[in-house]
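The exercises that follow are meant to be worked through with the sequence and the coordinates side by side. Try each task before reading its solution.

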Amino acid sequence: MTESFHRSGEYENPYEGQQQAPVNPEWPPPPAYAPAHAPHPKKRGRGPLALIAAVAIVAAAIGGGTAYGIQELTGNDTVASSSTSTNVVPSSQKGTVAGVAKAVSPSIVEISATSNAGSSTGSGVIITSDGEIVTNNHVVSGASQIKATTSDGKSYTAKVVGTDSKKDLALIKLENASGLKTATLGDSAGIQVGDQVVAIGSPEGLSGTVTSGIISALDRDVTVPTEEGQDQGQQQWGQGQGQGQGDQWPFEFGGRQFNGDTGSDTTTYKALQTDASLNPGNSGGALIDMNGNIIGINSAMYSPAGQASSSSDAGSVGLGFAIPINTVKADLAKLRAGSTD
């Protein structure tokens, strides 16, 4: 926004040339004629209304960062959302894996879930400062107890708010949490094949693990088990296998099944494919662009192990899949409303 200023006592002749509309709509238009001795206009105070307007203008100028500005003014339940041009990473480390890891790691948690089928480890993304976390449905499916640990080592008990097995998404809420570092959700519609990405999660319980790669393909059809199918898969691998047992990510791709039986109840969604290394425990974690925006929730991987009986039989071969973040954002209201689909 460009504004024109004049020193005190300098006035333009209103009769010369064509009258231009005022640049700032906050000010009223000039009179049709100027009085012979026009009084100096009084300076307007910069009250709360002017301050809020300034905040909104600055947020809009950043490029898609308006929601972040509103979050600071209105409360904790507004998710920070941006376009992929918004830079969450400090300018001195822009475009580096180290910069992305430093900026986003505090927003990623390790999730431990206990159920009748055993225990499992996954990851999650903090989206509000009071502890709303997005993860995969299969990470918390059927869990009787859920704990989440932040990057600074603090542990919280969590409850499931809503689930959507058809999209393999879940929203959980930490108890008695406040002041958490929230992630910024980007725009997966702007992602292109070849874009650099970073993945952060807790593979095999190794919290805060950072890997990097590129987007290998878009709109891959990935078939994963729904809640009932996941339970069947856990039982087939055997109960009490230990950490990661429930996080084998059984899924079907190209007509073939990987990492165990997907069961009879499955769902298919469009996924981002990446060669960033993903392993059991990464599921529910973040796939991030080089500006620090979350562009996907890691959800499945290919492993040549086939019918795996334990997490040690599966490993990354550079074929990972993530739920696009636009799918997550479109589903968020439903999850917050307590969906159990």
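**Exercise 1: a threonine in a loop**

Threonine 128 counts as buried because its relative accessibility is 0%, in a model that is predicted. Determine where threonine 128 lies in the chain and which backbone atom its side chain reaches.

Solution. Begin with the secondary structure: threonine 128 belongs to the loop that lies between strand E2 (118-126) and strand E3 (132-135). Next, follow the side chain of threonine 128, which reaches the backbone nitrogen of glutamate 132 at 3.0 Å. The distance of 3.0 Å falls within the 3.5 Å used as the limit for a polar contact.

**Exercise 2: the sheet and its order**

Establish in what order the six strands of the barrel follow one another, and what packs on the sheet.

Solution. Tracing the pairing from strand to strand gives the order E1-E2-E3-E6-E5-E4, with antiparallel pairing, and the six strands close into a barrel. On average, and with direction ignored, neighbouring strands of this sheet are turned by 40° against each other. Helix H6 (residues 325-336) packs on the sheet, where it touches E3, strand E5 (155-164) and strand E6 (169-174), and the direction of H6 makes about 55° with that of E6.

**Exercise 3: strand E1 and its two partners**

Work out how many bridges join E1 to E2 and how many join E1 to E4, and find how many residues of E1 are buried.

Solution. Take E2 as the starting point: E1 and E2 run antiparallel and are joined by eight bridges, and the two strands form a hairpin with two residues between them. Within this pairing, isoleucine 108 has valine 125 of E2 as its bridge partner. Turn then to E4 (residues 145-149), which runs antiparallel to E1 (residues 108-115) and is joined to it by five bridges. On that side, threonine 114 stands opposite glutamine 145, and serine 112 stands opposite lysine 147. Finally, consider the accessibility of E1, which is mostly covered, with six of its eight residues buried.

**Exercise 4: a leucine after the barrel strands**

Decide whether leucine 185 is buried or exposed, and find how far it is from lysine 329 in sequence and in space.

Solution. Leucine 185 is located in the loop between E6 and strand E7 (196-201). Its relative accessibility is 4%, and therefore leucine 185 counts as buried. Measuring from C-alpha to C-alpha, leucine 185 and lysine 329 are 8.1 Å apart in space, although 144 residues separate them in sequence.

Conventions
Residues numbered from 1 in each chain as written. Predicted model: local features only at pLDDT ≥ 70, side-chain atom pairs only at ≥ 80, totals over all residues. Heavy atoms only, no water. Helix = DSSP H or I, 4+ residues; strand = E, 2+ residues; numbered from the N terminus. Buried < 20%, exposed > 50% of the residue type's maximum accessible area, 1.4 Å probe, protein only. Polar contact = N/O pair within 3.5 Å; in protein donor to acceptor, adjacent residues only side chain to side chain. Pairing = 2+ DSSP bridges. Axes fitted to C-alpha atoms, helices over the stretch in contact; angles between N-to-C directions. Contact = heavy atoms within 4.5 Å.
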